[in-house]
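Welcome! Here is a short briefing to help you find your way around a protein you have not met before. Have a look at the sequence and the structure, and then follow the points below.

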Amino acid sequence: MMAQAAVGLQVHVTALVESATSSTAQVVPDAVVGRADDPQALRALAESADVLTFEHEHVPNAVLTDLRAAGHAVEPGPDALVHAQDKVVMRRRLEDLGVPCPRWREAAGVEDVLAFGDDVGWPVVVKTPRGGYDGKGVRVLERAEAQAWDLDWSWPVLCEEKVPFTRELAVLVSRTPSGEVRTWPVLQTIQRGGVCAEVLSPHPT
Ligand SMILES: Nc1ncnc2c1ncn2[C@@H]1O[C@H](COP(=O)(O)OP(=O)(O)O)[C@@H](O)[C@H]1O
Ligand SMILES: [Mg+2]
């Protein structure tokens, strides 16, 4: 999608793709095959480009920080990306900004999850802070399920109050380094099993 828009702007796009037959490789002629979590592949791509960006959050933050330190332009920066990479960081930031959030807590063990659920009411939504997507890493647990939960607890999980919502809306916002902000039309998304199955654009009023 970025490549299509770039044509009109005469911006040349190169991409790091998972395979030579991926959808991106079909529209970006000189796409390079490599992994988004491979520091060497990212460095090679950065050497060949004026600006580096990403289209998903599973790019190691530390590698992007190193690339910036080495003088490469990375936009948005790793300090922005971390909010998409870590749901606890995102919750903390939204709360600091005064954005309404479900009640939440970081839990280091099953006792914390039980205490939280007893506090806010069951069921609770439990999330792996990092690495999840498309509902993977998100579970809705009743008390008995939480009690029997077999997790290795090598890192904390994010517990959230279950919000009774009627629909989910999404909006894409972009900002130039100089501060110009543009928004795209608000969409309604319909998730099935935590995966976005349908998008209504513009959202029905
Ligand atoms: N606190 C919550 N209350 C109710 N439903 C939730 C809550 N958090 C997440 N969900 C549901 O689970 C879906 C996936 O959760 P999300 O945090 O967006 O994870 P992902 O990283 O997989 O997109 C959401 O789109 C929403 O439908
Ligand atoms: Mg989501």
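## A first look

Strands E5 and E8 are paired in the antiparallel sense, and four bridges join them. Please keep in mind that you are looking at a predicted model. From this pair of strands we can work outwards to the sheet, to the helices that pack on it, and then to other parts of the chain.

**The four-stranded sheet**

- Along the pairing of E5 with E8, Ala107 stands opposite Val157 of E8.
- The two strands belong to an open sheet of four, in the order E5-E8-E6-E7, with antiparallel pairing.
- Which strands stand at the edges of this sheet? They are E5 and strand E7 (138-141), each with a single partner strand, so one side of each has no neighbour in the sheet.
- On average, and with direction ignored, neighbouring strands here are turned by 25 degrees against each other.
- As a general reminder, the strands of a sheet pair through backbone hydrogen bonds, in either a parallel or an antiparallel way.

**Helices on the sheet**

- Helix H6 (residues 87-96) packs on the sheet, where it touches E5, E6 and E8. The direction of H6 makes about 145 degrees with that of E5.
- Helix H7 also lies across E5, E6 and E8, and H7 runs at about 165 degrees to E5.

**A closer look at helix H7**

- Which residues of H7 (residues 110-120) are buried? They are Val113, Leu114, Phe116, Gly117 and Val120.
- Looking down the axis of H7, you will find these buried residues within an arc of 165 degrees, so they line one face of the helix.
- It helps to recall that an α-helix has 3.6 residues a turn, so residues three or four places apart point the same way.
- What covers the buried residues of H7? The cover includes strand E5 (104-107), strand E6 (124-127), helix H8 (143-147) and strand E8 (157-161).
- On the face of H7 turned away from its buried side, you will find the exposed residues Glu111 and Asp119.
- Just after H7 comes Gly121, which takes a positive phi of about 105 degrees.

**Around Pro156**

- Pro156 sits in the loop between H8 and E8.
- Is Pro156 buried, exposed or partly exposed? Its relative accessible area is 32%, so Pro156 counts as partly exposed.
- Pro156 and Glu106 are 50 residues apart in sequence, while their C-alpha atoms are 6.2 Å apart in space.
- With neighbours within four places in sequence left aside, Pro156 is in contact with Glu106, Ala107 and Pro129.

**A pair of aromatic rings**

- How many aromatic pairs does the structure hold? There is one.
- The pair is made by Trp149 and Trp153, whose ring centres are 5.8 Å apart and whose planes stand at 85 degrees, so the pair is edge-to-face.
- Both Trp149 and Trp153 are buried.

**Strands E9, E12 and E13**

- Strand E9 (residues 168-170) pairs with strand E12 (residues 187-192) in the antiparallel sense, over three bridges.
- In this pairing, Ala170 stands opposite Leu187 of E12.
- E12 is also joined to strand E13 (residues 195-200) by five bridges, and E12 and E13 run antiparallel.
- Gln191 has Cys196 in E13 as its bridge partner, and Arg192 stands opposite Val195 in E13.
- E12 and E13 form a hairpin with two residues between them. In the turn, Gly193 has a positive phi of about 60 degrees.

**The protein as a whole**

- The protein has eight helices and 13 strands.
- Taken along the principal axes, its C-alpha atoms fill a box of roughly 55 × 45 × 35 Å.
- Of its 205 residues, 27% count as buried.
- Among the contacts in the protein with a separation of 6 or more, 38% come from residues 24 or more positions apart.
- The protein exposes about 13,500 Å², and carbon and sulfur atoms supply 54% of that area.

Notes. Residues are numbered from 1 along each chain as its sequence is written. Chains are lettered from A and ligands numbered from 1 in the order in which they are written. This is a predicted model: local features need pLDDT of at least 70, side-chain atom pairs count only at pLDDT 80 or more; totals for chains, interfaces and linings use all residues. Side-chain values use heavy atoms; hydrogens and water are left out. Buried means under 20% relative accessible area, exposed over 50%, partly exposed in between (1.4 Å probe, protein chains only). The arc is that of the directions from the helix axis to the C-beta atoms. Contact means heavy atoms within 4.5 Å. Two strands pair if DSSP finds at least two bridges between them. Axes are lines fitted to C-alpha atoms, for helices over the stretch in contact, and angles run from 0 to 180 degrees between N-to-C directions. Accessible areas come from the Shrake-Rupley method with a 1.4 Å probe; for residues, only the protein chains shown count as cover. Rings of Phe, Tyr and Trp (its six-membered ring) pair if their centres lie within 6.5 Å; planes under 30 degrees apart count as stacked, over 60 as edge-to-face and the rest as tilted.
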